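Here's a quick briefing on charged pairs and unusual backbone spots. Have the structure open while you read, and click along as the residues come up.

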Amino acid sequence: MRGMRWLLLVAIAAILGGVVYQYRAQKRLLARNVPVAPAPLSMDLSASSQHWHYRDKDLKTGRVKSDIDAESMQQVKDASRVDLKNVTMMIYGKDGKTYDLVKSAAAAFNTEAKSLYSEGDVEITLNLPVDGQAAKQPTVIKTLGLTCDSDTGRVDTDQPSSFVFEKGDGKATGATYDPASHELLMKSAVEIHWNPPGKNAKPMKIEATTLAYHETTSEIWLKPWGRMTRESTVVEGNEVVVKLEDKVIRHITAIQAHGNDDYPNRKLRYAADELAMDFDDDGLARKINGNRNASLVSTTDASETTVTADRVDLDFEPDGRESVLTQVAATGNGVVTSKPLPAPGRQLSETHVLRSQTLEMKMRPGGREMESVVTKAPGTLEFLPNLPAQHHRLLDGKDFVIAYGPGNRLESFRANNVKTRTEPTAEERRRNRPASTTTSRDLEARFDPKTSRMANMQQSGDFAYEEGDRKARAAKATLDADQNLILLDTAARVWDATGSTAADHIRLDQRTGDFVAEGNVTSSRLPEQDQKKNSEMLSGDDPLQATARKMDSRNRNRQIHYEGAVHMWQGANRIQADVVDVDRDLDPQKRTLVADGHVVTNLWDAPKDDAKKKAASPVLTEVHAGHMVYTEASRLTHYTGGVQLSRPGLRVKGQELRAFLSESGADSRLEKAYADGAVEIFSTGKDRTRTGTGDHAEYYTADQKVILRGSWVRMVEKQFNRPQPSTTEGKEATYFANDDRLLMTGEPEKPGNSRINRKKGK
């Protein structure tokens with residue numbers, strides 16, 4: 001037993017000896033190959049490492065949120081800060097298919113807050129695929145002073161930043177990006193250069209105080225102010241929202257916004273409290289909508305057109321690399337003002353102002369000039385004069401359709417249910433000309449294409465005209481603006497304080513009040529209140545009336561020319577002729593009445609005393625002649641061209657006749673009459689007739705006396721109960737119709753030769 005225990009101890013010793021030997025040999029070997037010992041840690045550090053890596057996982061799901069790799073790491077003693085060099089941080093999307101890559105030369109990682117801060121330059125690349133290469137240009141942001149939350153992936157900086165993305169580049173001061181919400185905020189001094197994808201697209205520059213990009217809604221917010229510039233097009237406003245579709249700008253809204261579109265031959269300005277714009281793939285505007293206090297100003301070298309309304313809608317069409325305005329719609333208190341601009345050798349036309357609740361404007365090809373404007377509601381069209389000779393006009397109506405020619409020159413317009421008002425010019429006001437108004441169911445006007453001055457205006461359907469006490473009516477009327485004439489057609493009528501005229505057609509001179517009436521003319525003129533009765537040929541208390549085929553009135557009905565089957569009458573007194581001219585000059589000495597061609601006058605004598613009127617019947621004096629001239633100053637009516645005067649029991653014929661009217665208050669209209677040239681007198685009594693011939697005759701109505709003179713006077717008497725007449729001859733015969741007396745006077749040396757046969761008792 002004792003031997004066995006010894007052997008065991010020897011064996012253990014041998015084994016231990018071998019181990020010691022091996023240990024010492026190994027120790028010597030290690031001593032020869034041992035590396036240099038690292039320097040001791042700084043007193044401020046608790047740890048350091050090369051090729052440092054940190055992974056953050058969701059404790060519940062195990063999803064990797066982020067990976068941080070660094071070339072080296074130093075951890076501050078008794079702190080959670082880790083200083084990293086050449087840092088790369090990958091922040092993964094929730095689906096694990098994409099990540100945002102953050103790179104920095106130096107950064108500090110807070111292990112407790114799980115945030116990475118880089119004071120120096122930082123580069124961020126967004127939305128990289130975990131597998132494979134990016135299919136398009138990713139968004140790359142470069143900044144400094146960046147803080148990145150490894151837990152949420154949110155990055156933030158207040159320092160200047162620049163970025164490049166698929167459609168452009170930009171810069172800003174300060175930025176924040178939250179991958180959880182996919183929202184990018186650029187804090188201030190934002191400037192973006194956007195390149196739309198279309199083949200005709202032009203770059204767009206976006207400027208803003210702040211910019212927020214909401215990836216989930218594809219919206220960019222520019223607050224509180226933003227501006228977009230596309231070559232010569234600029235739009236700016238407050239609270240701007242840019243809507244993207246497939247990374248392309250499709251829609252922009254803003255408040256208190258305004259924009260301008262400047263081209264060599266056109267300038268466009270628009271503004272509204274609320275503005276909305278639609279764009280195509282080329283970044284060209286297709287629609288612009290302005291709400292509340294909306295306005296549009298289009299300026300060419302010829303005119304400036306302004307549109308204002310509660311809402312203004314602009315439609316555009318692409319034309320190469322430009323947006324061309326095609327249509328404008330104004331709703332709510334719409335106003336279109338077209339103002340001509342001065343240019344050498346071009347006379348200014350009126351400024352046109354169209355007002356309506358609903359307006360639609362169509363542009364001519366090229367979008368620089370208007371083609372037409374229509375209203376869908378009642379409206380007004382105002383013409384504002386730019387030259388002294390132009391009139392201020394105002395038209396009220398419905399359904400305006402206005403057509404424009406080149407240079408925004410007014411070409412024509414039409415409207416329904418129209419009322420117009422034309423103000424006199426300054427020069428016309430000095431002549432006391434009043435304003436004029438018209439009404440009609442329909443109106444159409446045309447303008448001179450060279451000057452835009454109104455050439456003519458046609459109104460139809462119950463046309464009515466009024467200017468002071470001058471009025472007119474017709475089925476249709478045409479205004480000739482150059483001559484200032486109104487042409488009235490069909491059932492035409494004009495009237496004023498002096499009288500009225502109706503005809504098929506009337507041409508009225510607005511400047512003077514003169515007019516020409518044609519076709520079935522009927523006129524009526526009131527007697528002048530201050531005129532003495534019987535001082536004129538047809539004077540009386542009744543209106544002076546006339547019918548004719550044509551009438552020409554001048555100087556407010558003081559000079560009137562009638563022609564064509566003229567019938568003129570006042571009470572029972574009447575004149576008929578082919579032509580009649582009446583001149584009622586303000587000077588009574590110049591007043592005349594002239595009739596020509598188949599003249600017939602009928603003048604009725606009536607006692608002025610009422611008691612005599614009951615006892616006596618009116619007496620008619622009828623005269624036929626080829627021509628007649630009445631002069632009021634002398635109360636003389638001169639008939640020529642073969643004359644016949646007829647009164648009860650008396651007929652006088654001659655080549656000419658002078659009839660003198662009585663003074664006012666006389667019982668007879670005719671005082672006396674002188675006939676000359678182959679005079680023939682025929683009188684009738686109770687039982688006989690007398691026919692006298694001579695060279696000259698005189699008739700006096702007061703005592704019914706007829707005097708017949710000549711180289712040889714002959715009087716033939718024929719009694720009803722005797723077959724043979726008796727003849728009296730001499731140099732002068734005097735016949736008294738009241739008592740049927742005849743006195744014949746011969747030559748001094750030769751008494752009159754009388755052969756008179758009388759009844760017994762006579």
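**Salt bridges and odd backbone angles**

Let's start with one residue: Ala-678 sits in strand β36. Keep in mind that you're looking at a predicted model. Ala-678 has a positive phi of about 50°, even though it isn't a glycine. Elsewhere, the search of the whole structure turns up 36 salt bridges, and a few of them are picked out below.

**Backbone oddities**

- Some background first: most residues other than glycine have a negative phi, and most peptide bonds are trans.
- Ala-678 is exposed, because its relative accessible area is 56% and the cut-off for exposed is over 50%.
- His-598 isn't a glycine either, yet it has a positive phi of about 55°.
- You'll find His-598 in strand β32, which covers residues 592-605.
- His-598 has 64% relative accessibility, so it counts as exposed.
- For a cis peptide bond, go to the step from Lys-223 to Pro-224, where omega is near -15°.
- Pro-224 belongs to strand β11, made up of residues 219-230.

**The Glu-236 and Arg-227 pair**

- The side chains of Glu-236 and Arg-227 form a salt bridge, at 3.5 Å from N to O.
- Is Glu-236 buried or exposed? Glu-236 is buried, because its relative accessible area is 16% and buried means under 20%.
- Its partner Arg-227 has a relative accessible area of 25%, so Arg-227 is partly exposed.

**The Arg-658 and Asp-676 pair**

- Arg-658 makes a salt bridge with Asp-676, and their closest N and O atoms are 3.7 Å apart.
- This pair links distant parts of the chain, with the two residues 18 residues apart.
- Arg-658 lies in strand β35 (residues 650-661), while Asp-676 lies in strand β36 (residues 670-684).
- With a relative accessible area of 27%, Arg-658 is partly exposed.

**The Arg-688 and Asp-687 pair, and a network**

- Arg-688 and Asp-687 also meet in a salt bridge, with the closest N and O atoms 3.0 Å apart.
- Are these two buried or exposed? Both Arg-688 and Asp-687 are buried.
- Which residues are joined into one network by salt bridges that share partners? They are Lys-205, Glu-207, Arg-227 and Glu-236.

Methods: Residues are numbered from 1 along each chain as its sequence is written. This is a predicted model: local features need pLDDT of at least 70, side-chain atom pairs count only at pLDDT 80 or more; totals for chains, interfaces and linings use all residues. Side-chain values use heavy atoms; hydrogens and water are left out. A salt bridge is a side-chain nitrogen of Lys or Arg within 4 Å of a carboxyl oxygen of Asp or Glu. Buried means under 20% relative accessible area, exposed over 50%, partly exposed in between (1.4 Å probe, protein chains only). Helices (H or I, at least four residues) and strands (E, at least two) are DSSP runs, numbered from the N terminus.
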